[in-house]
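Q: I would like a close look at a single part of this structure. Please begin with that part and then place it in the rest of the chain.
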Amino acid sequence: MMMKNCMDIDECDRDPLLCRGGTCINTEGSFDCICPLGHELTTEGNACIDINECSLSDNLCRNGRCINMIGTYQCSCDTGFQSTLDRQGCVDIDECTIMNGGCDTHCTNSDGSYECSCSEGYALMPDMRSCADIDECEDNPDICDGGQCTNIPGEYRCLCFDGFMASLDMKTCIDVNECDLNPNICLHGECENTKGSFICHCQLGYFVKKGTTGCTDIDECEVGAHNCDVHASCVNVPGSFKCKCRTGWVGDGLKCIDLDECSTEEHNCNVNANCINTPGSYRCSCNEGFNGDGFTCSDMDECADNGNLCENGHCLNAPGGYRCECEMGFTPTEDSKACKGK
């Protein structure tokens with residue numbers, strides 16, 4: 001039996017289309033296809049085809065879209081993201097580093113985006129970039145409760161009314177407690193604090209006089225708010241009044257009765273006068289034979305005043321009267337006021 005020599009066939013040389021898309025390497029009795037990066041062998045093992053990396057994994061091109069390319073892939077990035085140098089990934093664009101993102105004041109970067117914001121006291125405009133001053137006084141008319149609001153850039157100030165004091169930051173008006181501030185503000189009364197002011201609740205006999213602070217004494221005598229007797233004088237005292245009977249009257253002032261000066265001998269009538277009591281007083285009347293106003297009484301000279309007295313005799317004046325000294329043959333009457341024949 002004769003032996004034959006077997007020679008290897010170079011498949012690569014014989015078939016130039018073998019290992020299309022790759023490199024054909026002849027081996028003893030066979031061949032190998034070497035595929036470039038991003039390619040794989042067909043199931044038959046005689047050609048190289050492109051691997052679609054995009055369909056292989058969902059994790060490629062996060063924040064972007066995966067685009068398959070021969071032997072590789074690239075990422076088409078979403079808005080707000082940019083490709084990495086190898087174009088196989090997407091990274092966030094920090095818009096705030098580029099002209100502050102176009103923001104007036106504050107720029108805050110976020111994943112794939114950014115946001116503009118304003119300082120306190122300013123509001124973001126509809127363009128979402130510009131900032132405008134907020135007029136707090138107009139937005140909230142009661143913001144300075146107890147004061148006048150003044151708007152200033154970025155904030156406001158309160159100018160407080162009387163009875164209020166401004167807070168340290170001048171953004172609120174605080175009620176002043178006048179009762180605590182001055183314990184004597186309602187002298188002769190109780191102090192009640194109110195918003196922006198206070199009220200005095202006065203004791204009996206006191207009132208709040210218009211235009212004054214505190215409690216003023218009521219002059220009961222002047223306003224007729226007393227119960228003194230008609231024959232008494234009203235005397236005003238702090239918070240009350242007193243009644244005092246007038247001269248010629250006695251009592252507690254609320255009731256006064258007539259003082260009988262004649263019976264108590266509290267009079268100045270002359271010894272030769274008679275005392276006559278009158279309501280609240282008295283009068284004096286000189287006794288018969290005396291002339292005067294009753295306080296002063298002088299003897300009346302009846303003999304000089306009337307020459308017809310003591311007919312048939314001689315008239316002699318006497319204190320309070322006269323007597324007759326009769327001529328011979330005549331005798332005085334019992335009262336010695338005339339002469340009669342024997």
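What is the angle about the S-S bond in the link of C19 and C33, and is that link left-handed or right-handed?

A: The link of C19 and C33 is left-handed, with -85 degrees about the S-S bond. This is a predicted model, and the angle is a value computed from its coordinates. The sulfur atoms of C19 and C33 are 1.7 Å apart, and the pair forms a disulfide. The link joins distant parts of the chain, 14 residues apart: C19 is in the loop between α1 (11–14) and β1 (23–27), whereas C33 is in strand β2 (residues 30–34). Both C19 and C33 are buried.

The setting of this link can be given from a record. An unreviewed UniProt entry carries the annotation "domain: EGF-like" for several spans, including residues 8–45 and 175–212. In the model, residues 8–45 are 11% helix and 34% strand, and the end C-alpha atoms of this span lie 20 Å apart. For residues 175–212 the values are 11% helix and 39% strand, with 21 Å between the end C-alpha atoms.

Helix α1, which precedes the loop of C19, also holds D13. D13 has a relative accessibility of 61% and therefore counts as exposed. From D13 to A225 the C-alpha distance is 142 Å, over a separation of 212 residues in sequence.

Further along the chain, C35 and C48 form a disulfide with an S to S distance of 1.9 Å. The link of C35 and C48 is left-handed, at -85 degrees about the S-S bond. C35 lies in the loop between β2 and β3 (39–41) and C48 in strand β4 (residues 48–50), so this disulfide ties together parts that are 13 residues apart in sequence. The two cysteines fall into separate accessibility classes: C35 counts as partly exposed because its relative accessibility is 23%, while C48, at 8%, counts as buried.

C54 and C66 are also joined by a disulfide, with 2.0 Å from S to S. The torsion about the S-S bond of C54 and C66 is about -75 degrees, so this disulfide is left-handed. C54 lies in helix α2 (residues 53–56) and C66 in strand β5 (residues 64–69), so the pair ties together parts that are 12 residues apart in sequence. C54 counts as buried at 18% relative accessibility, whereas C66 counts as partly exposed at 21%. The three links described here are part of a count of 24 disulfides.

Other side-chain contacts occur later in the sequence. A search of the whole structure finds one aromatic pair. The partners are Y282 and F295, whose ring centres are 6.3 Å apart and whose planes meet at 65 degrees, so the pair is edge-to-face. Y282 is in strand β26 (residues 281–286), and F295 is in the loop between β27 (290–292) and β28 (297–299); the pair links distant parts of the chain, 13 residues apart. Y282 is buried, with a relative accessible area of 17%, while F295 is partly exposed at 40% relative accessibility.

Another ring contact is that of Y322, where K337 lies over the face at 5.1 Å from the ring centre. The strands β29 (residues 313–318) and β30 (residues 321–326) pair in the antiparallel sense over six bridges. In this pairing, C315 stands opposite C324 in β30. The two strands form a hairpin with two residues between them, and G320 in the turn has a positive phi of about 80 degrees.

For the protein as a whole, there are six helices and 32 strands. The radius of gyration is 68 Å, well over the 20 Å that the globule rule gives for 342 residues, so the protein is more spread out than a compact globule. Along the principal axes, the C-alpha atoms fill a box of roughly 245 × 40 × 20 Å. Of the 342 residues, 26% count as buried, and C19 and C33 are both buried.

Definitions and conventions. Residues numbered from 1 in each chain as written. Predicted model: local features only at pLDDT ≥ 70, side-chain atom pairs only at ≥ 80, totals over all residues. Heavy atoms only, no water. UniProt positions renumbered as here; feature names shortened; annotations may be inferred. Helix = DSSP H or I, 4+ residues; strand = E, 2+ residues; numbered from the N terminus. Disulfide = S-S within 2.5 Å. Buried < 20%, exposed > 50% of the residue type's maximum accessible area, 1.4 Å probe, protein only. Phe/Tyr/Trp six-rings, centres within 6.5 Å; stacked < 30°, edge-to-face > 60°. Lys NZ or Arg CZ within 6 Å of the ring centre and 35° of its normal. Pairing = 2+ DSSP bridges. Rg over C-alpha atoms; globule rule 2.2 N^0.38 Å.
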